Amino acid sequence: MGCTLVIDTSFGSTVGVVGHEPIVETDSRTHVEKLQVNIACAVEQAGFAPQDINTIVAGAGPAPFTGLRAGIVAAKALAFATGAKLLGQNALEPQAQWNAIRRGKKGTLGDPRSRHVLTLAVNDARRRQLYFELCASPAADQGPDASAPAKPLIAMDIDYPASIVDRVNQAVEAYAADVDGDVIVDVIGHGARRYASVLADIRHLGDIDDESVLDQGAQGLSIFAAEALLNSGLHLDEPVEPLYLRRPDAEIPAPLKHVLGHEGAERNA
């Protein structure tokens, strides 16, 4: 019997075996240092040994560079050591799956033929920006065993909240013109509450919920891993690479300027 291990460091760190409660670290100053210990603890507490791991799902971001890289490197190293299959999953699209389940539990999803729930999945990118992706939510009764991954209407990107509102309103207007019934846009993920006053300008706005799918304990792990498995079937052998989205702060300096009519010197590394 094997197990599926989830490692995500796109917001703090979440480590856990599917079917069990994860170990979550929210302190950005220490979560990287605790990562290896938490992986070992999560596997042991689930009753497995490292050689029992047959699948590792690594959160690919989007997120800042350092923390995200630590999680992906750990996942790759463990996959190499154990021979486990390595899958990558972005942190935004599973939000649509969870949002459908969340609304289904509240009894507010409605008939999908007359009520179309869209999910604006977000993650705090700092510097007054948000990572975001607008997705059409699947039916709530699919749950963690959904047969299709979330469908993006706006591809994953990073932007300022006011600009995101404009882009979402344009996309929703085009979407609403092609469907019958009501359209609702829920904003889900870390950073949603921080920018709620700006995001309130989204037309057809539904809920604003600051929680992420991986805040949902064992159920969140199942949803996250299920999305990764669905996507792996559509993108076979796709490498697991970090999604930074933001340009790096460090750039290659420009050549020195030419002076006095002489040929300029190039900067050497």
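**Reading the sheets, cores and turns**

Mentor: Let's start with two strands, S1 and S4: they run parallel and are joined by five bridges. Keep in mind throughout that this is a predicted model.

Trainee: How should I read that pairing, and which residue stands opposite Ile 7 in S4?

Mentor: The general idea first: strands of a sheet pair through backbone hydrogen bonds, either parallel or antiparallel. Here, Ala 58 in S4 is the residue opposite Ile 7.

Trainee: And what packs on the sheet, touching S1, S4 and S5?

Mentor: That's helix H2, and its direction makes about 165 degrees with that of S4. There is also H1, which lies across S1, S2, S3 and S4 and runs at about 15 degrees to S2.

Trainee: In what order do the five strands of the open sheet come?

Mentor: Read across, they go S3-S2-S1-S4-S5, with mixed pairing. S3 and S5 (85-89) are the edge strands, each pairing on one side only. From one strand to the next, the twist averages 10 degrees.

Trainee: Let's look at an edge, then. Which strand does Val 24 lie in, and what does Val 24 touch beyond four places away in sequence?

Mentor: Val 24 belongs to S3, residues 23-25. Leaving out residues up to four places away, Val 24 touches Ser 13 and Thr 14. Its C-alpha atom is separated by 8.6 Å from that of Asn 38, which is 14 residues away along the chain.

Trainee: Why is Val 24 called partly exposed?

Mentor: Partly exposed covers the range between the buried cut-off, under 20% relative accessible area, and the exposed one, over 50%. Val 24 comes out at 41%, so it goes in that middle class.

Trainee: Now the inside. How many residues does the largest nonpolar core have?

Mentor: As a rule, in soluble globular proteins, nonpolar side chains tend to be buried together. In this model the largest such core has 24 residues, and Leu 5, Ile 7, Val 15, Val 17, Ile 39, Ile 53 and Ile 56 have the most contacts inside it. The elements that give two or more residues to this core are S1 (3-8), S2 (13-17), H1 (31-45), S4 (53-59) and H2 (65-82). H2 supplies the largest share, six residues.

Trainee: Can we zoom in? Which residues is Ile 56 in contact with, beyond four places in sequence?

Mentor: Among them are Leu 5 and Ile 7, then Ala 75, Leu 78 and Ala 79, and further along Leu 86 and Leu 87. There is a second, separate core too: it has 21 residues, including Ile 154, Val 165, Val 168 and Ile 202.

Trainee: Let's move to another strand. Why is S6 said to be largely enclosed by the rest of the structure?

Mentor: Count its buried residues: S6 spans residues 115-126, and ten of the twelve are buried, so the strand is largely enclosed.

Trainee: How many bridges does S6 make with S9, and how many with S7?

Mentor: With S9 (residues 182-188) the pairing is parallel over seven bridges. With S7 (residues 129-136) it is antiparallel, over eight. Leu 120 is a handy landmark: it stands opposite Val 187 in S9, and its bridge partner in S7 is Leu 134.

Trainee: What do S6 and S7 form, and how many residues are between them?

Mentor: They form a hairpin with two residues between them. To read the backbone in a turn like that, check phi and omega: most residues other than glycine have a negative phi, and most peptide bonds are trans. In this hairpin, Arg 127 has a positive phi near 55 degrees although it isn't glycine. Arg 128 is in the loop between S6 and S7 as well, and its phi is also positive, near 60 degrees.

Trainee: Is Arg 128 buried or exposed?

Mentor: Exposed counts as over 50%, and Arg 128 is at 65%, so it is exposed.

Trainee: You mentioned omega. Where is the peptide bond with omega near 10 degrees?

Mentor: Look from Gly 61 to Pro 62: that bond is cis. Pro 62 is in the loop between S4 and H2.

Trainee: To zoom out, how many helices and strands does the chain have?

Mentor: Six helices and ten strands. Of the chain's 269 residues, 49% count as buried. Among contacts between residues at least 6 apart in sequence, 67% join residues at least 24 apart.

Definitions and conventions: Residues numbered from 1 in each chain as written. Predicted model: local features only at pLDDT ≥ 70, side-chain atom pairs only at ≥ 80, totals over all residues. Heavy atoms only, no water. Core = buried A, V, L, I, M, F, W, Y, C linked by side-chain atoms within 4.5 Å. Buried < 20%, exposed > 50% of the residue type's maximum accessible area, 1.4 Å probe, protein only. Helix = DSSP H or I, 4+ residues; strand = E, 2+ residues; numbered from the N terminus. Contact = heavy atoms within 4.5 Å. Pairing = 2+ DSSP bridges. Axes fitted to C-alpha atoms, helices over the stretch in contact; angles between N-to-C directions.
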